[in-house]
Amino acid sequence: MPEMIRDRVNEVLEENDSSSVILSTALSSYAIWKLYTWVYHHELSLSQRLRLGFFEFVKSLPIISGKVKEQVDAEKAEMAKNLTTAADKWISQIPADEMKDEDLIKLMKEYIDYDKIDWRGGRLSGTTFESNAEITKLCALIYPQFMLQNPLHADLHKGLRKIEAEALSQVLNLYNAPKTGCALMTGGGSESLGLAVLAARNRAHSRGIRWPEVIMCRTAHSSIDKACHYFRIKLIKVDYDYSSWTANVKQMAAQINRNTCLIIASAPDYPHGLIDDIQAISTSQ
Ligand SMILES: Cc1ncc(COP(=O)(O)O)c(C=O)c1O
């Protein structure tokens, strides 16, 4: 069979010189590869890209782009109005003269008084949760004693290192981690979620998955969108269940495929403060 094909190819190309055969083979292979990578784009499907391209084109038409700009400018003006106060004066340059302590304290008090909404009440989802004013006071007392210590220098700040190790062990125990479990102190919510996403992506890569995918409900925190963007991961978002308002487990299960490296559940979710059905999500397949 292979000889038959070879003879047939030689017969068809008999008239061509070998350099043009090599060149046209290389060029057509390159063109096929380009077409393939354009059609099978791991982050956005072909239909999504066609739709995006179409809307970009429509938005660039002068009659539409003028209207879009008008609305964007109006939104920006509204936002600026909500974020500033009538008393705003901006200190945009580093002051040449030293400020007196009492002036600085007075200025900071002014800034604190800008907040008109009672966020301390614990009723603003996704902001600050102060469960106990006494504990906050205690933290404020302890914090200054550590605020200049640099955890990078664990040999210098042994107490800080111990606090970190104890906190990590407590979290591992809370989650019933196996003996091989490990934990890492992070600097905030985005870094915590980002590193979890990165770990899942790296594990998928080590298992030969070239284009890992993450599945989450659209009620999960937007820092996952950011992490997937940074780490070049396809993010599949499903809806929430309209009766329980928690992640739609059926929709999640339908999106699982051999590229899935992580399924995200929220406890609690960002917009509603509700806990997804983690047990059902963890057993769905
Ligand atoms: C679940 C979750 N992820 C990420 C963030 C973002 O946190 P940060 O601003 O510390 O990066 C928050 C903040 O509220 C959060 O609640």
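Start by selecting Asn176. Asn176 is exposed, because just 7 other C-beta atoms lie within 10 Å. A residue counts as exposed if 12 or fewer other C-beta atoms lie within 10 Å of its own, as buried if there are 20 or more, and as partly exposed in between; the C-beta atoms are placed from the backbone. Asn176 is in the loop between helix H7 (158-174) and H8. Helices (H or I, at least four residues) and strands (E, at least two) are DSSP runs, numbered from the N terminus. Now check the backbone of Asn176. Its phi is positive, about 50°, although Asn176 is not a glycine.

Two points before you go on. This is a predicted model, in which local features need pLDDT of at least 70, side-chain atom pairs count only at pLDDT 80 or more, and totals for chains, interfaces and linings use all residues. Residues are numbered from 1 along each chain as its sequence is written.

**Stop 1: the domains**

Colour residues 102-174 as domain 1 and residues 189-283 as domain 2. These bounds come from an automatic or database domain assignment. The C-alpha centres of domain 1 and domain 2 are 29 Å apart.

**Stop 2: the sheet**

Select E1, E2 and E3. The three strands form an open sheet, in the order E2-E1-E3, with parallel pairing. Two strands pair if DSSP finds at least two bridges between them. Which strands stand at the edges? Strand E2 (234-238) and E3 do; each has a single partner strand, so one side of each is left without a neighbour in the sheet. Neighbouring strands here are turned by 20° against each other on average, direction ignored.

Zoom in on E1 (residues 213-217). Five bridges join E1 to E2. Four bridges join E1 to E3. Now pick out some facing residues:

- Ile215 is opposite Ile236 in E2.
- Met216 is opposite Lys237 in E2.
- Val214 is opposite Leu262 in E3.

Which way do the residues of E1 point? Glu213, Ile215 and Cys217 point one way, Val214 and Met216 the other way, and all are buried. E1 is mostly covered, with five of its five residues buried. E3 is mostly covered too: four of its five residues are buried.

**Stop 3: helices across the sheet**

Show H8 (residues 189-206). Helix H8 lies across E1 and E3 and runs at about 155° to E3. Next show H9 (residues 223-230). Helix H9 lies across E1, E2 and E3 and runs at about 170° to E1. Axes are lines fitted to C-alpha atoms, for helices over the stretch in contact, and angles run from 0 to 180 degrees between N-to-C directions. Two residues are in contact if their C-beta atoms, placed from the backbone, lie within 7 Å.

**Stop 4: the loops**

Go to Arg232, in the loop between H9 and E2. Arg232 has a positive phi of about 55° although it is not a glycine. Is Arg232 buried or exposed? Arg232 counts as exposed, because it has 11 C-beta neighbours inside 10 Å.

Select Ile256 next. Ile256 is in the loop between helix H10 (249-255) and strand E3 (260-264). Ile256 counts as partly exposed, because 14 C-beta neighbours lie inside 10 Å. Which residues does Ile256 touch? Leaving out residues up to four places away in sequence, Ile256 touches Ile215 and Gln285. You met Ile215 in E1, opposite Ile236. Now add Asn16, which is 240 residues from Ile256 along the chain. The C-alpha atoms of Asn16 and Ile256 are separated by 50 Å.

Move on to Pro268, in the loop between E3 and helix H11 (278-283). Look at the bond before Pro268. A cis peptide bond joins Ala267 and Pro268, with omega about 5°.

**Stop 5: a helix pair**

Finish with H3 (residues 46-60) and H4 (residues 62-83). Two packed helices are described by the angle between their axes and the distance between the axes. For H3 and H4 the angle is about 90°, and the axes are 5 Å apart. So H3 is roughly perpendicular to H4. Angles of 65 to 115 degrees count as roughly perpendicular, under 35 as roughly parallel, over 145 as roughly antiparallel, and the rest as oblique.

Show the side chains where H3 and H4 meet. H3 contributes Val58, Lys59 and Ser60, and H4 contributes Ile64, Ser65 and Val68. By class, this contact has three nonpolar, two polar and one charged residues. Ala, Val, Leu, Ile, Met, Phe, Trp, Tyr, Cys and Pro count as nonpolar, Asp, Glu, Lys and Arg as charged, and the others, Gly among them, as polar.
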